[in-house]
Amino acid sequence: MKNIKIEINLEVFESVSELPISIQNLMNKAHKARNNAYAPYSFFNVGAALQLETGEIITGNNQENAAYPSGLCAERVAIFHAGSQHPNMKVTSMALTAGSVKKTNKTPIPPCGACRQVLAEYEVKQEQPIEIYFMGETGKVVKSNSVKDLLPLIFDSSYL
Ligand code: THU
């Protein structure tokens with residue numbers, strides 16, 4: 001028996017204003033997208049903005065459903081849109097913001113496990129890492145250089 005230690009790297013920015021201008025712009029788009037979330041059940045609104053290599057920005061937000069599991073997270077709404085409309089375009093970065101209507105959230109909120117798995121699929125497909133920036137409504141922003149840092153033991157097609 002031996003132990004395996006897995007190390008991940010994350011960068012923490014004190015606020016949006018510390019980010020590069022292009023990422024501030026991307027995060028602003030995520031905030032705007034969050035305002036259009038359809039979350040009448042959880043009252044938890046999430047916004048996502050994807051930067052494509054062409055410079056185009058695709059946004060998404062969570063879409064809930066009375067049959068709860070039929071709803072979809074903001075990250076998947078955005079990346080499935082990008083995958084369907086721009087199948088050969090690489091995604092360079094993604095900005096995420098999340099918060100409850102019931103309380104102000106200042107803690108950076110990372111994507112859920114299912115979204116990490118979906119993002120990993122696209123990262124493997126495009127053979128290029130996707131930078132992920134995530135935050136609450138205000139406050140610190142965390143940056144991951146790759147989905148691999150958020151989901152170290154990814155399941156991918158190499159196992160099939
Ligand atoms: N949600 C997202 O949009 N992304 C995540 O990564 C976590 C959760 C949504 C799903 C649901 O509409 C609400 O947040 C509460 O879970």
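Helices (at least four residues) and strands (at least two) are DSSP runs, numbered from the N terminus. With that in hand, here are some close-ups of a predicted model.

**View 1. Phe 43, in the loop between H1 and S2.**
Helix H1 covers 21-35, and Phe 43 has its place in the loop between this helix and S2. Look at the backbone here: phi of Phe 43 is near 55 degrees, which is a positive value in a residue other than glycine. How exposed is Phe 43? Its relative accessible area is 35%, and partly exposed is the label for anything between the 20% and 50% limits, so Phe 43 counts as partly exposed.

**View 2. The ligand and the residues around it.**
The ligand sits in the largest pocket. Two elements each give two or more residues to the shell around it: strand S2 (44-52) and helix H2 (74-85). Going round the shell, you meet Ser 42, Phe 44, Val 46, Asn 62 and Glu 64, among others. Also surrounding the ligand are Cys 73, Ala 74, Glu 75, Pro 111 and Cys 112. Sorted by type, the shell residues come out as six nonpolar, two polar and two charged.

**View 3. Polar contacts with the ligand.**
Zoom in on Glu 64, and you'll find a polar side-chain atom 2.5 Å from an oxygen atom of the ligand. Glu 75 also brings in a polar side-chain atom, this one 2.8 Å from a ligand nitrogen atom. What part of Cys 112 lies 2.8 Å from an oxygen atom of the ligand? That would be a backbone N or O atom. As for how much of the ligand gets covered, it exposes 370 Å² when taken alone, and the protein buries 74% of that.

**View 4. Glu 123, a residue of helix H3.**
Helix H3 spans residues 113-126, and Glu 123 is found in it. Is Glu 123 buried or exposed? Its relative accessibility is 7%, and buried means under 20%, so Glu 123 counts as buried. Now find Val 147: along the sequence, Glu 123 and Val 147 are 24 residues apart, while in space their C-alpha atoms are 7.3 Å apart.

**View 5. Glu 127, in the loop between H3 and S5.**
This loop runs between H3 and strand S5 (131-135), and Glu 127 has its place there. Phi of Glu 127 is near 50 degrees, a positive value in a residue that isn't glycine. With a relative accessible area of 73%, and with exposed meaning over 50%, Glu 127 is therefore exposed.

Notes. Residues numbered from 1 in each chain as written. Predicted model: local features only at pLDDT ≥ 70, side-chain atom pairs only at ≥ 80, totals over all residues. Heavy atoms only, no water. Near = heavy atom within 4 Å. Polar contact = N/O pair within 3.5 Å; in protein donor to acceptor, adjacent residues only side chain to side chain. Areas by Shrake-Rupley, 256 points an atom, 1.4 Å probe, with all protein chains shown as cover. 1 Å grid on protein atoms, 1.4 Å probe; cavity = no way out; pocket = protein on both sides within 12 Å on 5 of 7 lines; lining within 4 Å. Sits in = over half its atoms within 2 Å of the grid points. Nonpolar A, V, L, I, M, F, W, Y, C, P; charged D, E, K, R; others polar. Buried < 20%, exposed > 50% of the residue type's maximum accessible area, 1.4 Å probe, protein only.
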